[in-house]
Each structure stands twice: as C-alpha cells, then as structure tokens.
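Reader: I would like to learn how to read a structure step by step. Could you show me what to look at, and in what order?

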Amino acid sequence: MMDYKKSKAPVNTVTRNIMDLCEETGNIYETVAIIAKRANQISIQIKDDLSKKLAEFASYNDSLEEVFENREQIEISRYYEKLPKPTLLATQEYVEGKIYWRDPQKDAQQQADA
C-alpha cells in the first residue's frame, strides 16, 4: 500500500496554471485525461485498502443489539477521510513527473514514419 499521507498533494483544491500542466503533452485535454485515469487508479486502490482494513472488523452476527463502535475502526475511517482526494493526488504525481503514460496512436504513427 502506498502511504498517501506522505504525498505532498494539497488537501484542498489548488488553482493551477493550465499552460504549466499542458507543457509536457502540448494538449490540456490529454493532460486532464492522464490525470483522470491516474485518479481512478488511486481511488480504486484507496477503496481496496480501506475495504481490507475494515473487513478485519466485520462482524458475522447480524444482531442489531450487538452493533457497537470500534475505536480502531473509527480511526481508520478518519485516516482515509483526511486524505487528499484522488484527483489532487494524481495531479501532484503528474506535476512531479511520477506518472508514466504513452499514446498507442502516436507510437504507431512514429513507427510508420520511421
């Protein structure tokens, strides 16, 4: 599991310069698509991590009388609630150059030109 708390991603929304973001791709829409795909990957990973941790606390008794709050479970939930949103994490990774992507159409075009 990646430690998302160690990310330098802001917890709140940050205004970004569009020209800086699209510098590498040359196209803001391509940049947004790359960040969106990475954000979806991060979201799935966070959800899986949270589900695994909360599954440890799953009670197999469905009795309503036995429902109680587990302090550890609450702490885990709070940890995940305080994390930056996946889009902010993905944007930070993109800005830091930590996202690898490729465009199969451009790769095919380059091979055809060669």
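**Reading a helical chain**

Author: Of the 114 residues of the protein chain, 23% count as buried, where buried means under 20% relative accessible area, exposed means over 50% and partly exposed lies in between, with a 1.4 Å probe and protein chains only. This is a predicted model, in which local features need pLDDT of at least 70 and side-chain atom pairs count only at pLDDT 80 or more, while totals for chains, interfaces and linings use all residues. Residues are numbered from 1 along each chain as its sequence is written, and side-chain values use heavy atoms, with hydrogens and water left out.

Reader: How many helices and strands does the protein chain have?

Author: Helices (H or I, at least four residues) and strands (E, at least two) are DSSP runs, numbered from the N terminus. The protein chain has 5 helices and 0 strands, and read along the sequence it follows the pattern α-α-α-α-α. Contact means heavy atoms within 4.5 Å, and among contacts in the protein chain between residues at least 6 apart in sequence, 79% join residues at least 24 apart.

Reader: How should I describe two helices that pack together?

Author: Two packed helices are described by the angle between their axes and the distance between the axes. The axes are lines fitted to C-alpha atoms, for helices over the stretch in contact, and angles run from 0 to 180 degrees between N-to-C directions. Here helix α2 (residues 28–55) packs with helix α4 (residues 86–95) at an angle of about 125°, and their axes are 8 Å apart. That makes α2 oblique to α4, given that angles under 35 degrees count as roughly parallel, over 145 as roughly antiparallel, 65 to 115 as roughly perpendicular and the rest as oblique.

Reader: Which residues of α2 and α4 meet?

Author: On the side of α2 they are Thr31, Ile34, Ile35, Arg38, Ala39, Ile42, Ser43 and Ile46, and on the side of α4 they are Pro86, Thr87, Leu89, Ala90, Thr91, Glu93 and Tyr94. The residues of this contact of α2 with α4 divide into 9 nonpolar, 4 polar and 2 charged, where Ala, Val, Leu, Ile, Met, Phe, Trp, Tyr, Cys and Pro count as nonpolar, Asp, Glu, Lys and Arg as charged, and the others, Gly among them, as polar.

Reader: At what angle do α2 and helix α3 cross?

Author: The axes of α2 and helix α3 (residues 71–82) cross at roughly 175° and come within 10 Å. That makes α2 roughly antiparallel to α3. The contact is made by Ile46, Asp49, Leu50, Lys53 and Leu54 of α2 together with Gln73, Ile76, Ser77 and Tyr80 of α3, and by class it has 5 nonpolar, 2 polar and 2 charged residues. At Ala55, which is found in helix α2, the chain is partly exposed, with a relative accessible area of 44%. Ala55 and Gln73 are 18 residues apart in sequence and 9.8 Å apart in space, C-alpha to C-alpha.

Reader: Why is α4 said to be largely enclosed by the rest of the structure?

Author: The description is used because 7 of the 10 residues of α4 are buried. Those buried in α4 are Leu88, Leu89, Ala90, Thr91, Gln92, Glu93 and Tyr94, and the buried residues of α4 pack against α1 and α2.

Reader: What do Leu88, Thr91 and Gln92 touch?

Author: Let us take them in turn, leaving aside for each one the neighbours within four places in sequence. Leu88 has 14% relative accessibility and so counts as buried, and Leu88 is in contact with Ala9, Pro10, Val11, Asn12 and Thr13. The C-alpha atoms of Leu88 and Val14, 74 residues apart along the chain, are separated by 8.5 Å. Thr91 is buried, with a relative accessible area of 13%, and Thr91 touches Arg16 and Ile35. Gln92, at 11% relative accessibility, also counts as buried, and Gln92 touches Ser7, Lys8, Ala9, Pro10 and Arg16.

Reader: With which side chain does the side chain of Gln92 make a polar contact?

Author: A polar contact is a pair of N or O atoms within 3.5 Å; within protein, one must be able to donate a hydrogen and the other to accept it, and residues adjacent in sequence count only if both atoms are side-chain atoms. The side chain of Gln92 makes such a contact with the side chain of Glu96, at 2.8 Å.
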